[in-house]
Amino acid sequence: MAITIEEVKEKSLKDKIIDYIQEDVPDHLYTWPYTLGAIPLVLFAILLITGILMTFYYIPYPDRAYESVRDITYSIYLGWFIRGMHKLAVNLMILSLLLHMVRVFITRAYKDNGEVKWLLGAGIFFTSLAFGFTGYSLVYDNVSYWGMVVVTNMAGELPVVGKTLLLLLRGGEEVSEFTLIRLYDLHTKLLPLLIIVLITGHILAVRLLGFAKLGTDLKSVPTEGMHKFFPEHAMEVGLISICLLIFIVDIVMLFPPTLGTAANPLEVASNVSPPWYFSAVYKWITIVPRDAGLFAVMLFIILFFAYPYIDRFLSKRGTDMWRVNITISAAAVIVFTILTLWEIVRV
Amino acid sequence: MGVIHDNLSRRKFLSSAFMTLGLSFGLGTLFIRFGQFLTPEKKEKRIGEVLIGNFTDIPDGAATPLEISGNKILVVRSKDRITAFSRICTDLGCLVSWDAAREQFICPCHQGVYDKNGKNIAGPPPRPLDRFEILAKGENVYIRV
Ligand code: FES
């Protein structure tokens, strides 16, 4: 960009804001794999609104939790609609985050200043999973009750931090009313705070450090056009939001949310299972020796966060990281799908 | 008070080092206290004997589930032997139930299997089921919890 005389002069705040919202963004954001970042953001907004709405009816006490969810689902006017949107939006959000990650991973967009984006993004992803688990437990039907027992126990088996983590999550040795209120606090207060900070950081990093460049792995970087953040890009995000809303509303209409039987601490649900995004990990730890399995999961998380640095280390030594990444992501997608299906489709 | 200028930077350094140390110590202890507030200590378990019934009351070959002061227990009688197991699966804490036909304890969560002596024989459970002591006083059966 050439520097003009106006730019040399001190700009007024208004001009700065106008400049900011009219900043040029690259044209490849028009292609669908590059909309995968905006989709979770829109979904998060939906989750925030529907979530706040449900806190007006939900009662985080073991004797009342299930009842209040049942009321939301079956008797409160439009309760089913709000809960349905919330439930569907969280599934879509995690799905789109997964796809977004695959896209970033394959295009190696975490390079050249992208590390911060990657770290914040990974934080957002794991926070979303924590949201998924806590929200699932709040429903307090039998499946989610036993899911809560199993998952908190699993946290308790982690080396070193396990015991403390278990006490922190459960508020005691056993699952009790304190467990429910803690998960509720996490789900409606601490995690939202955390994810809002992370999302803000992630978006700021994307805007300040620049969007991912297209084709950094190819020898020739294609020259591409630009369009303005506002109105063109904003319009595009608006279009995505509208499509998502229509989709979500339709699906909720067709498949209103349901509810299992009430939690029973004396009777294990016959189909104890976590939500689908945990199925792969859940299957994994049941088919391999427990300690090794948990260790592998921890290692995976650490490697995941550190990947941009691993990439830099290896590519300096002449590894063709583009190939490596394609192979890893293909393998990861296949393994994830197999484990997930294996867990979900039980024979 | 006269200020010796040669020592200014050193003094500055020392005082800020002192501040940092003090502050991190203070805040550190405070946050450890906050953490302790959130991680309640385990309550001392009281041990007592509870009468669970007459010997003949306990069905043979079946497992009777009981809940005594928060302990989930299965009492199993085979002929004249009575044993009591905790229902908590040693894997990840689901509840086992008794399969009378196979004479085994089954955990539905990850298909853990224990034999009739509580020994883990299949699936992920790492150790046998916990036991409770059974005392017989005449015809009466007591359990220690
Ligand atoms: S909890 Fe019983 S087998 Fe895993």
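## Salt bridges in the whole structure

A salt bridge is a side-chain nitrogen of Lys or Arg lying within 4 Å of a carboxyl oxygen of Asp or Glu. The structure here is a predicted model, and a search of the whole of it finds ten salt bridges over all chains. Side chains of opposite charge can pair when their charged atoms come close.

One of the ten joins the side chains of Arg312(A) and Glu115(A), with an N to O distance of 2.5 Å. Arg312(A) belongs to helix H12 (residues 290–316) of chain A and Glu115(A) to helix H6 of chain A, so this pair ties together parts that are 197 residues apart in sequence. Arg312(A) is partly exposed, with a relative accessible area of 41%. Glu115(A) has a relative accessibility of 10% and therefore counts as buried.

## Two salt bridges over shorter stretches

In chain A, the side chains of Glu173(A) and Lys163(A) meet in a salt bridge at 3.8 Å, N to O. Glu173(A) is in the loop between H8 and helix H9 (177–209), while Lys163(A) is in helix H8, so the pair ties together parts that are ten residues apart in sequence. Glu173(A) is partly exposed, at 27% relative accessible area, and Lys163(A) is also partly exposed, at 47%.

In chain B, a salt bridge of 3.7 Å, N to O, joins the side chains of Glu103(B) and Lys116(B). Here two loops are tied together: Glu103(B) lies in the one between strand E5 (97–99) and E6, and Lys116(B) in the one between E7 and strand E8 (120–122), with the two positions 13 residues apart in sequence. Glu103(B) has a relative accessible area of 35%, which means that it is partly exposed. Lys116(B), at 39% relative accessibility, counts as partly exposed too.

## Where the chains meet

How many residues of chain A are in contact with chain B? There are 23, and they touch 16 residues of chain B. The two chains bury about 1700 Å² between them, with 61% of this area on carbon and sulfur atoms. Leu266(A), Val268(A) and Arg290(A) supply 27% of the area that chain A buries against chain B, more than any other three residues.

Arg290(A) also takes part in a salt bridge with Asp91(B), side chain to side chain, at 2.4 Å, N to O. The count of salt bridges between chain A and chain B is one. Six residue pairs are in polar contact between these chains, both residues being at pLDDT 80 or more. On the side of chain A that touches chain B, the elements giving two or more residues are helix H7 (142–156), helix H8 (162–170) and helix H11 (276–287). H7(A) gives the largest share, five residues. By class, this side of chain A has 13 nonpolar, five polar and five charged residues.

## The nonpolar cores

In soluble globular proteins, nonpolar side chains tend to be buried together. The largest nonpolar core in this model has 88 residues, and those touching the most other members are Leu43(A), Tyr58(A), Trp146(A), Ile248(A), Val96(B), Phe105(B) and Cys109(B). Helix H5 (residues 79–107) of chain A provides the largest share of this core, 13 residues.

Beyond four places in sequence, Val96(B) touches nine residues' worth of surroundings that include Leu74(B), Cys89(B), Phe105(B), Tyr114(B) and Leu129(B). Another core, of ten residues, lies apart from the largest one, and among its members are Ile73(B), Ala84(B), Ile143(B) and Val145(B).

## Buried and exposed residues

Tyr145(A) is in helix H7 of chain A. Is Tyr145(A) buried or exposed? Its relative accessibility is 6%, so Tyr145(A) counts as buried. Tyr145(A) and Ala263(A) are 118 residues apart in sequence, but their C-alpha atoms are 5.7 Å apart in space.

Gln104(B), in strand E6 (residues 104–107) of chain B, counts as buried because its relative accessibility is 16%. The side chain of Gln104(B) makes a polar contact of 3.1 Å with the side chain of Arg102(B). Lys79(B) is in the loop between strand E3 (71–78) and strand E4 (81–86) of chain B, and is exposed, with a relative accessible area of 62%. Leaving aside neighbours within four places in sequence, Lys79(B) is in contact with Phe55(B) and Asp60(B).

## Positive phi angles

Most residues other than glycine have a negative phi. Arg108(A) has a positive phi, near 50°. Arg108(A) is in the loop between H5 and helix H6 (115–138) of chain A and counts as buried, at 9% relative accessibility. Gln111(B) has a positive phi near 55° and lies in the loop between E6 and strand E7 (112–114) of chain B.

Definitions and conventions. Residues numbered from 1 in each chain as written. Chains lettered and ligands numbered in written order. Predicted model: local features only at pLDDT ≥ 70, side-chain atom pairs only at ≥ 80, totals over all residues. Heavy atoms only, no water. Contact = heavy atoms within 4.5 Å. Buried area = accessible area lost by both parts, 1.4 Å probe. Polar contact = N/O pair within 3.5 Å; in protein donor to acceptor, adjacent residues only side chain to side chain. Helix = DSSP H or I, 4+ residues; strand = E, 2+ residues; numbered from the N terminus. Nonpolar A, V, L, I, M, F, W, Y, C, P; charged D, E, K, R; others polar. Core = buried A, V, L, I, M, F, W, Y, C linked by side-chain atoms within 4.5 Å. Buried < 20%, exposed > 50% of the residue type's maximum accessible area, 1.4 Å probe, protein only.
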